Amino acid sequence: MILDGAMGTQIQSLHLAEEDYAGTASGHVCRHHTDHPQKGNNDLLILTQPKALEEIHFDFAMAGADIVETNTFSATTIAQADYGLQAAVPDLNAEGARIVRRALDRATAIDGKPRYVAGAVGPTNRTASLSPDVSDPGFRAVTFDDLRVAYGEQIRGLIAGGADIIMIETVFDTLNAKAAIFACFEAFEAHGTRLPIMISGTITDASGRTLSGQTPTAFWHSVKHARPFTVGLNCALGAAAMRPHMAELAAVVDTFTCAYPNAGLPNAFGQYDEGPEATASQLAGFAEEGLLNVVGGCCGTTPDHIRAIAEAVAPFAPRKIRQEEAA
Ligand SMILES: [Zn+2]
């Protein structure tokens, strides 16, 4: 299956100003009061620029994405505290899911292909297992329970808005992800449902470990109790550097795998120069090696990247889960 590409890159290309973020220009003014400037609060565009977001989701769907993520990477009370918009969290998540659903229904009306809304749950801007203060290694800026409560509010919103999948992504601290997993099961119980969970870690340096120090195999053993629909990697170093880590994961996990790298490494200006064909040909290599069940793109990937990836991996069979592992 094909996953979509980056929201941030597409939003950047709209060149939105403060009044666009706040909604004063579009007439969709956010009903939640805040005195903070909102430029850069991409999640708020769910409430203030819903049409623009729906078009981005629609473009990714028509480019070949079967699974499209909500624009809710930072829609938790913890991440929205930077913008004074903690009270908007339920609306951001429910509306975020509804916008994707509308875009996908339009695409399906054209080509008849079913498509799925993945509710995006980001890592937040805090880390539960590391201290941000080098002189006080025991200090934590956030606890497991803080994260559990914040994620719970986000996930209940995503479910209320009709998400088909919960996507816990860009995991740099596995303890944060474990709080999100716990919150998923609490939310599923409250809603009397059980959605598939996708979990995606991020290898942040050349030593092949997450920020909290785990190898891909250790990461898998830390999250497998969630019985996730997929486990994989996203973001960080681009496809070339991700390949050995995906190969390690694909060899140990007894569920489906998912990879969505950035469009290469960022340049000096923080932009991604790797073109659609370059990203796609590398991911075709992943598929040929039998490493992939779900594939898409992260930072810097556009609808053209997703179209190229979908075409490049099409000749190859999805990875098979080894029977002795599945048993
Ligand atoms: Zn990324």
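**Exercise 1. Work out whether Asn 262 is buried or exposed in this predicted model, then look at the zinc site it belongs to.**

Step 1. Start with the accessibility: Asn 262 has a relative value of 1%. The cut-off for buried is under 20%, so Asn 262 counts as buried.

Step 2. Now see what Asn 262 does with its side chain. Its OD1 atom is one of the protein donors of the zinc ion, alongside the SG atoms of Cys 235, Cys 298 and Cys 299. These donors lie 2.1 to 2.5 Å from the zinc ion.

Step 3. Put the donor residues in sequence order and you get the spacing C-x26-N-x35-C-C. Asn 262 sits in the loop between β6 (256-261) and α11 (276-288), while Cys 299 sits in the loop between β7 (294-295) and α12 (303-313). The pair therefore ties together parts that are 37 residues apart in sequence.

Step 4. Check Cys 299 too: with a relative accessible area of 26%, Cys 299 is partly exposed.

**Exercise 2. What is the arrangement of the four donor atoms around the zinc ion?**

Step 1. Take the angles that the four donor atoms subtend: they run from 94 to 128°.

Step 2. Hold them against the rule for four donors, where all angles must lie between 85 and 135 degrees. The angles of 94 to 128° make this arrangement tetrahedral.

Step 3. Here's a yardstick: the ideal angle for four tetrahedral donors is 109.5 degrees.

**Exercise 3. Describe the largest pocket: what is its volume, and which residues lie nearest its centre?**

Step 1. The volume comes to about 960 Å³.

Step 2. Next, the lining. There are 41 residues in it, and Met 7, Gly 8, Thr 9, Asn 42 and Cys 299 lie nearest the centre. You've met Cys 299 already, as a donor of the zinc ion.

Step 3. Which elements help out? α1 (7-12), α5 (77-80), β3 (165-171) and β5 (230-235) each supply at least two lining residues. α1 gives the most, with five residues.

Step 4. Sort the lining by class and you find 15 nonpolar, 21 polar and five charged residues.

**Exercise 4. Now the largest cavity: which residues line it?**

Step 1. The structure holds one cavity of 30 Å³ or more, and the largest cavity has a volume of about 50 Å³.

Step 2. Its lining is made up of Ile 203, Leu 233, Asn 234, Cys 235, Ala 236, Leu 237, Gly 238, Ala 241, Met 242 and His 245. The elements giving two or more of these residues are β5 and α10.

Step 3. By class, that's seven nonpolar, three polar and no charged residues.

Step 4. Pause at two of these names. Cys 235 is another of the zinc donors. Ala 236 lies in the loop between β5 and α10 (239-252), and has a positive phi of about 60° although it is not a glycine.

**Exercise 5. Which other non-glycine residue with a positive phi, near 45°, can you find, and is it buried or exposed?**

Step 1. Go to the loop between α9 (216-223) and β5, where Arg 227 lies. Phi of Arg 227 is near 45°.

Step 2. The relative accessible area of Arg 227 is 69%, so this residue is exposed.

**Exercise 6. How many salt bridges does the whole structure have, and what do some of them link?**

Step 1. A full search turns up 13.

Step 2. Look at Glu 54 and Arg 106, whose closest N and O atoms are 2.9 Å apart. Glu 54 belongs to helix α4 (residues 50-62) and Arg 106 to helix α6 (residues 89-111), so this pair ties together parts 52 residues apart in sequence. Glu 54 is buried, at 10% relative accessible area, whereas Arg 106 is partly exposed, at 31%.

Step 3. Turn to Arg 98 and Glu 95, which meet at 2.7 Å, N to O. Both lie in helix α6, three residues apart, or about one turn of the helix.

Step 4. Add Asp 164 and Arg 101, joined by a salt bridge at 3.1 Å. Asp 164 is in the loop between α7 (144-160) and β3 and Arg 101 is in helix α6, so the pair ties together parts 63 residues apart in sequence.

Step 5. Finish with a network: Glu 54, Glu 55, Arg 102 and Arg 106 are joined into one by salt bridges that share partners.

Terms used
Residues numbered from 1 in each chain as written. Predicted model: local features only at pLDDT ≥ 70, side-chain atom pairs only at ≥ 80, totals over all residues. Heavy atoms only, no water. Donors = N, O, S within 2.8 Å, 3.2 Å for Na, K, Ca; no water. Tetrahedral: all angles 85-135°; square planar, octahedral: opposite > 155°, others 65-115°. Helix = DSSP H or I, 4+ residues; strand = E, 2+ residues; numbered from the N terminus. Buried < 20%, exposed > 50% of the residue type's maximum accessible area, 1.4 Å probe, protein only. 1 Å grid on protein atoms, 1.4 Å probe; cavity = no way out; pocket = protein on both sides within 12 Å on 5 of 7 lines; lining within 4 Å. Points joined across faces, edges and corners; volume = space filled by probe spheres on them. Nonpolar A, V, L, I, M, F, W, Y, C, P; charged D, E, K, R; others polar. Salt bridge = Lys/Arg side-chain N within 4 Å of Asp/Glu carboxyl O.
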